Each structure stands twice: as structure tokens, then as C-alpha cells.
Amino acid sequence: TARRFATTSPPQYVYKTQYVEQPIDHFGFEEDVGVYKQRYLISCEFWKPGKPIFFYAGNEGDITLFCNNTGFMWDIAPEFEAMLVFGEHRYYGESLPFGADSYKTSRNLQYLTSEQALADFALLINDVKKTQPGAETSPVIAFGGSYGGMLAAWFRMKYPNVVVGAVAASAPIWQFDHLVPCDTFDVIASNDFRHTPGGEQCFANIRSIWSALNDTWHSEHGEELLSVIFDTCDYVWDVNTLADWLSEMFGNLAMVNYPYPASFLEPLPAWPVSVACSFLNESTLRGENLLHAAAKIVNFYFNYTGEHTSCFNTSTQASASLGDRGWDYQACTEMVMPVCSDYETSMFPPAEWDVEAYAESCAKRWNVTTRPDWVVLEYGGKDISSYSNIVFSNGDLDPWSGGGVTTNVSDTLTAIAIAGGAHHLDLRSSNPHDPQSVIDARNIEKEHIWKWIGLSTA
């Protein structure tokens with residue numbers, strides 16, 4: 001299955017919800033394709049006419065989620081006297097080109113692409129500039145994290161006439177077509193567990209979970225026993241589905257390994273990887289005992305607040321605000337990010353990257369042709385030195401950092417390394433427990449924003 005990104009939930013900020021009419025197809029000329037209403041959120045609380053517009057490039061989910069959790073933009077808006085605009089990505093949240101039928105057929109889904117989304121964003125900004133008096137000359141800075149960070153970077157690359165610069169946090173724009181090793185995500189996630197206190201034992205026990213799962217599943221009444229141990233809603237008819245679900249949980253824990261409590265895909269305490277490893281710190285764990293320990297981590301991850309009273313659904317990882325189906329479609333068409341795992345370096349089940357099998361699976365689910373090399377051709381791959389004014393930030397705890405830009409490409413394509421930082425930590429609100437590295441990263445990002453604004457108004 002395709003790895004997915006994470007996102008967050010409250011605090012709340014004050015904004016207005018507005019809609020703009022968009023062509024369903026920006027790149028064709030048939031009249032009968034139609035239009036749809038794209039949702040966006042806007043705050044002019046700190047803005048003064050002519051001052052900048054901070055634009056968030058919406059990810060694969062409900063835009064309110066990203067608005068309420070990109071605290072960095074809200075924190076610095078008063079200093080820049082900036083307007084804040086958060087654009088919802090088509091096919092997510094309320095921005096559904098075909099309403100309730102948007103996911104009904106592959107024909108309806110064909111307009112779910114990054115290119116169409118970027119065109120939406122460009123027209124949205126044009127509309128804001130026309131409808132907000134005094135905004136005509138306002139320079140626009142794009143922000144985004146994870147897939148949104150990729151979009152922010154690509155937005156600056158494709159529409160430099162619309163945005164003067166971009167802050168692309170935890171944006172794995174090189175996680176394509178073997179630009180980086182396919183095991184990079186799993187290696188970094190594994191090291192997060194391995195390097196936590198008591199981590200070597202934790203790492204070894206997680207690596208043993210997969211054989212214990214298989215042994216139990218193949219035993220008499222194994223499907224029923226596994227469903228009881230992990231409190232799943234259905235019998236475990238396919239052990240690989242359960243293994244994938246657990247693997248994704250461990251990957252998500254690595255992504256959200258923050259130094260303070262946070263509500264990502266699930267509410268969790270500070271340093272959740274360390275807490276998870278506390279359940280797997282004994283060398284004597286084997287067989288069913290090991291699986292019961294793993295089940296404690298499932299309950300910790302999905303039910304830390306104790307409010308979850310029903311069984312666990314192994315077919316989903318994310319909150320209702322994230323578009324699992326939409327992202328699966330995108331991962332099957334152009335967002336094809338090779339993922340593999342090697343037993344020597346990883347705690348995850350060994351797996352090769354088989355693009356033919358992946359494409360076949362996608363064709364069965366969505367009736368689409370997978371294009372694993374398209375993103376590299378469309379957005380430049382590693383040949384991006386002709387672009388400018390993008391800051392790429394990555395935390396060394398973030399498994400996605402392996403597909404990110406982690407060294408400077410040029411004077412105007414800058415990389416920031418955040419020691420002790422997990423998935424787009426720098427876009428979150430400032431926190432007393434922030435490491436100095438993320439404080440420094442935000443200051444560098446602000447310096448670049450001031451520079452871009454100065455260049456655009458010179």
C-alpha cells in the first residue's frame with residue numbers, strides 16, 4: 001500500500017470560509033466539463049493593503065485541519081502584517097468537483113492531479129487579489145507541509161509570476177522513480193525507534209512481530225485469535241493487511257515523534273516513540289506475548305485518550321478529515337513513491353518494490369494507468385537549479401526527510417536541517433519544548449520571506 005502523510009487537529013483560529021468557482025478541467029476546452037466550488041479560508045485580521053499574502057497549499061484532506069495546525073503562519077502574520085489564505089485541494093473536504101459522485105467513477109476522478117490543483121491555487125490567488133481591495137500588489141508566499149510542501153515548492157516552480165517564494169516543509173519531492181533509495185523511509189523510521197532509550201531491544205522485538213503474526217495466523221483458529229489480540233472489527237482474513245496496518249502505525253509514530261503532546265492522526269504524548277518502546281523493552285517477548293505487547297501499542301496509538309470504545313478498523317489509519325481514497329488514487333496515478341524494506345537495516349517486513357505488481361493492483365482498484373516517472377519529468381526531479389526562492393526544511397527524525405532536499409541546491413534554493421525534528425515541526429506553533437534547531441529554522445525562514453518580499457517590491 002502507498003505510504004501516506006500525516007496531519008493535525010486543533011487549536012482554533014478565526015477565519016472566514018469562502019468559495020471560488022473553478023473549471024473542473026483547466027487544460028481542456030470542452031464546455032460541458034463544467035465548474036465546481038473550491039473552498040478556501042481567509043483571515044485579514046493582521047493584513048494591511050499591499051502587505052503580503054501567506055498562502056497555504058492544501059494537502060490531501062479537509063483544509064480546516066491544516067489551517068488550524070499551521071501555527072507558524074499565524075504566529076508570524078502580525079509581524080509581516082500578512083493576509084492568510086488556505087486553499088483546499090480539489091477532491092478533498094468540501095471541494096468536490098462532482099459532489100457526492102466525485103469518487104464514483106475513474107472518469108470523474110481523472111481531474112484529481114497535482115497540476116489541476118496548482119492551477120486551482122493560481123486562479124484562487126488571482127480571485128483574492130481582485131476581490132480584496134488593496135491586494136493587487138501584495139506579494140504571495142506559498143507554505144505547505146508534506147504533500148502540501150511539495151505543492152508549495154512546485155507552485156513556485158510552475159507559477160513564479162503568482163508566488164514570489166515558498167516554504168516547503170518536509171516535502172519529499174525526490175521520493176520518486178529511484179531518485180533516492182526506496183528503503184529510505186523505513187530506514188529512518190527504524191532508526192527513530194532504534195535510537196530511543198532502550199531502542200535496540202524495541203527494534204529487535206518489532207522486527208520479530210512479523211514472523212509471530214504469520215505463525216499465529218497459520219495456526220488453528222489463527223484468524224480469530226489475531227482479531228481478539230488486536231481487537232479488530234473483523235477476523236484477520238489476510239495477515240498481510242494486518243501487517244501493513246501495523247507497519248503504517250509504526251511509521252506514523254516516527255513521523256509524529258514530537259517533544260511535546262500533540263494531536264496528529266491521533267492525540268499522543270511527548271516523544272511517543274519512546275512510550276511505544278516501553279511496551280517492547282523485554283528480551284523474553286515471543287509469540288503471543290509479543291503480539292499482546294504490540295496490541296498495547298495499537299491501543300496507545302489509537303486510544304491514548306481512552307475515548308475509543310469500539311473495535312479497531314484495519315482498513316484505515318487516518319481521521320475522517322483526511323482523504324484516504326483520494327490519496328490512494330493519486331498514489332496510483334502520478335504520486336508513485338517507491339517503498340521497500342530490507343531486513344538488515346529495517347524493522348519492517350522485508351518487501352521489494354515491484355512497480356509492475358503495484359500498477360496491476362492500482363488498475364484493479366481504480367481502472368487507471370500508473371505513471372511512475374511522470375512527476376520527475378513534470379517537476380524536474382533533481383534538476384531544479386534553474387528555479388529560485390524556495391526553502392526546503394527537513395527534520396532528521398522525519399522518515400520522509402530521505403526523499404527531501406537536505407542540502408543547498410543554489411543560493412536561492414536553500415535547505416534547512418532540523419536536528420531532533422519530526423514531520424514539519426517548523427510549521428507548528430511555537431512551543432516551550434521546541435528544540436533550538438526548530439527555533440533557528442523558523443528564524444531562517446522568516447529571513448528568506450523578508451528577502452523575497454523585498455525583491456518583489458524593489
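A crossing of two helices is left-handed if the near helix is turned anticlockwise from the far one by less than a right angle, and right-handed if clockwise. The model is predicted: local features need pLDDT of at least 70 and side-chain atom pairs pLDDT 80 or more, while totals for chains, interfaces and linings use all residues. Residues are numbered from 1 along each chain as its sequence is written, and side-chain values use heavy atoms, leaving out hydrogens and water.

**View 1. Helix α7 meets α9 in a right-handed crossing.** Here α7 (residues 199–218) and α9 (residues 239–255) have axes that come within 10 Å and cross at roughly 160° (helices: DSSP runs of H or I, at least four residues, numbered from the N terminus; axes: lines fitted to C-alpha atoms over the stretch in contact, with angles from 0 to 180 degrees between N-to-C directions). The pair is therefore roughly antiparallel (over 145 degrees). From α7 come I206, I209, W210, L213, N214 and W217, and from α9 V239, L242, A243, L246, S247 and F250 (contact: heavy atoms within 4.5 Å). It's a greasy mix by class: 10 nonpolar, two polar and no charged residues (nonpolar: Ala, Val, Leu, Ile, Met, Phe, Trp, Tyr, Cys and Pro; charged: Asp, Glu, Lys and Arg; polar: the others, Gly among them).

**View 2. L213 sits among the best-connected residues of the largest nonpolar core.** That core has 143 residues, and W154, F193, L213, F230, F250 and L253 make the most contacts inside it (core: buried nonpolar residues, Pro aside, joined through side-chain atoms within 4.5 Å; buried: under 20% relative accessible area, 1.4 Å probe, protein chains only). Skip the neighbours within four places in sequence, and L213 still touches L226, F230, V239, L242, A243, L246 and L291.

**View 3. Helix α11 crosses α7 with a left-handed turn.** The axes of α7 and α11 (residues 287–302) come within 9 Å, crossing at roughly 115°. N205, S208, I209, A212, L213 and T216 of α7 meet G287, L290, L291 and A294 of α11. Sorted by class, this contact has six nonpolar, four polar and no charged residues.

**View 4. Helix α6 is mostly covered.** In α6 (residues 184–194), eight of the 11 residues are buried, namely T184, F185, D186, I188, A189, S190, D192 and F193. Their cover includes α7, α9 and α10 (272–277).

**View 5. Helix α6 packs against α7 at roughly 130°.** The two axes come within 7 Å, and the angle makes α6 oblique to α7. S190, F193 and R194 of α6 face G199, E200, C202, F203 and I206 of α7 in this contact. Charged residues do turn up here: the tally is four nonpolar, two polar and two charged.

Technical notes: Buried means under 20% relative accessible area, exposed over 50%, partly exposed in between (1.4 Å probe, protein chains only). Helices (H or I, at least four residues) and strands (E, at least two) are DSSP runs, numbered from the N terminus. Angles under 35 degrees count as roughly parallel, over 145 as roughly antiparallel, 65 to 115 as roughly perpendicular and the rest as oblique.
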